[in-house]
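Trainee: I would like to learn how the terms used for a protein model are justified, and not only what they are. Could we go through one slowly, setting values against cut-offs?

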Amino acid sequence: MKIISKNIKKYHNILNIISIETSFYTLKDSKKNSKTVDEVKNLKGICVWLDSVLNKYLINQGFHNLIPVPTLNQCVNMLFTGKVDALYSSEAPLIKSAKALDLDITKLKKGYTPMRVTFFLALTKNASKEYVKKLTNSGKQFKSSGRYDEILDKYKKDLFLPQ
C-alpha cells in the first residue's frame, strides 16, 4: 500500500491494469502448511530462482531455508519430485514452467503471499487535466464495456492457476 500511495502523489493512476502476486507454492497432496510467514519459515526447503530479486527479498526477510537454483524450471521440478517443500514465484512464470515440463498445475497449492505488485496506466502529475480526463474516461469505458474482462478471460488459463 505504501508504494501505491507514493505513486498517487507522483502520478495520475488512470487504470489499474493487473496485480501480480508472488507467493509460496506447495503441492496439495504434501500436507505442508504455508499460509503464514511462520509456517513458511518452518518448511524444510524452499526453492528460489538464484540471483532473482525475489531471492534477495527473502534473504532480507530473514529466510534461512532457501535453496537457490539457476532456473525456475529446476525449482518446479524439485517441488514436483519432493526435493523441496515449496517454491517461491509469481503465477505466470510458474505456470509457463510447469507447462513446459508437462506437469499438472492443478496439483499446486498457493500459500503465503508476501509481495503484490500492481500495474497501472499512469500519467505524470504534469499532464494536462484534459488529457487525464480523456484517459480516465477511456479506462472506465474499457472496463465497463466488458472488453477488459474479455481479454483477461482469454488469457486467464495461461496466466493464473486454476482455483
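Mentor: What follows is a conversation about this predicted model, in which labels are set against the rules behind them.

Trainee: What is the overall make-up of the protein?

Mentor: The protein has seven helices and six strands, and along the sequence they follow the pattern α-β-α-β-α-β-α-β-α-β-β-α-α. The C-alpha atoms fill a box of roughly 55 × 35 × 25 Å, taken along the principal axes, and of the 163 residues 33% count as buried.

Trainee: Where in the protein is confidence lowest, and where is it highest?

Mentor: The average pLDDT of the protein is 87, and 92% of the residues score at least 70. Confidence is lowest in helix α1 (residues 2-10), at a mean of 62, and highest in helix α4 (residues 72-80), at 96. Where pLDDT is low, the predicted coordinates should not be read in detail.

Trainee: How do you know that β2 and β3 pair?

Mentor: Two strands pair if at least two bridges are found between them. Strand β2 (residues 46-49) and strand β3 (residues 66-69) have four bridges and run in the parallel sense, so the condition is met. As an example of such a bridge, V48 has P68 in β3 as its partner.

Trainee: What makes β2 and β4 a pair as well?

Mentor: Strand β4 (residues 86-90) pairs with β2 in the parallel sense over two bridges, and since at least two are asked for, that count is accepted. Here C47 stands opposite L87 in β4.

Trainee: Why is the unit made by β2, helix α3 and β3 called right-handed?

Mentor: The β-α-β unit consists of β2, helix α3 (residues 53-60) and β3, and its crossover is right-handed. The name is used because, with the strands pointing away from the viewer, the path from the first strand over the helix to the second runs clockwise.

Trainee: Why is the contact between K110 and E21 called a salt bridge?

Mentor: Side chains of opposite charge can pair when their charged atoms come close. The rule asks for a side-chain nitrogen of Lys or Arg within 4 Å of a carboxyl oxygen of Asp or Glu. In K110 and E21 the closest N and O atoms are 2.5 Å apart, so this pair passes. K110 lies in strand β5 (residues 108-110) and E21 in strand β1, so the pair ties together parts that are 89 residues apart in sequence.

Trainee: With which other residue does E21 form a salt bridge?

Mentor: E21 also forms a salt bridge with R116, where the closest N and O atoms are 2.8 Å apart. That pair links distant parts of the chain, with E21 in strand β1 and R116 in strand β6, 95 residues apart.

Trainee: Why is R116 called exposed, when E21 is called partly exposed?

Mentor: Exposed means over 50% relative accessible area, buried means under 20%, and partly exposed lies in between. R116 has 54% and therefore counts as exposed, whereas E21 has 24% and is therefore partly exposed. K110, with 26%, is partly exposed too.

Trainee: What makes K134 and E130 a salt bridge?

Mentor: Their closest N and O atoms are 3.5 Å apart, which is within the 4 Å asked for, so the pair counts. K134 and E130 are four residues apart in helix α6 (residues 129-144), so about one helical turn separates them. Salt bridges that share partners join E21, E91, K110 and R116 into one network, and by this rule the count comes to six salt bridges.

Trainee: How do you know that I17 may belong to a surface patch?

Mentor: A patch residue needs over 30% relative accessible area and no salt bridge. I17, in strand β1, has 35% and counts as partly exposed, so its accessibility is over that limit. The nonpolar patch is formed by I17, I20, V117, F119 and L121, with about 360 Å² of accessible area together. The elements that give two or more residues to the patch are β1 (11-27) and β6 (115-124), and β6 gives the most, with three residues.

Technical notes
Residues numbered from 1 in each chain as written. Predicted model: local features only at pLDDT ≥ 70, side-chain atom pairs only at ≥ 80, totals over all residues. Heavy atoms only, no water. Patch = residues over 30% accessible without salt bridge, like charges linked within 9 Å, V, L, I, M, F, W, Y side chains within 5 Å. Areas by Shrake-Rupley, 256 points an atom, 1.4 Å probe, with all protein chains shown as cover. Buried < 20%, exposed > 50% of the residue type's maximum accessible area, 1.4 Å probe, protein only. pLDDT = per-residue confidence, 0-100.
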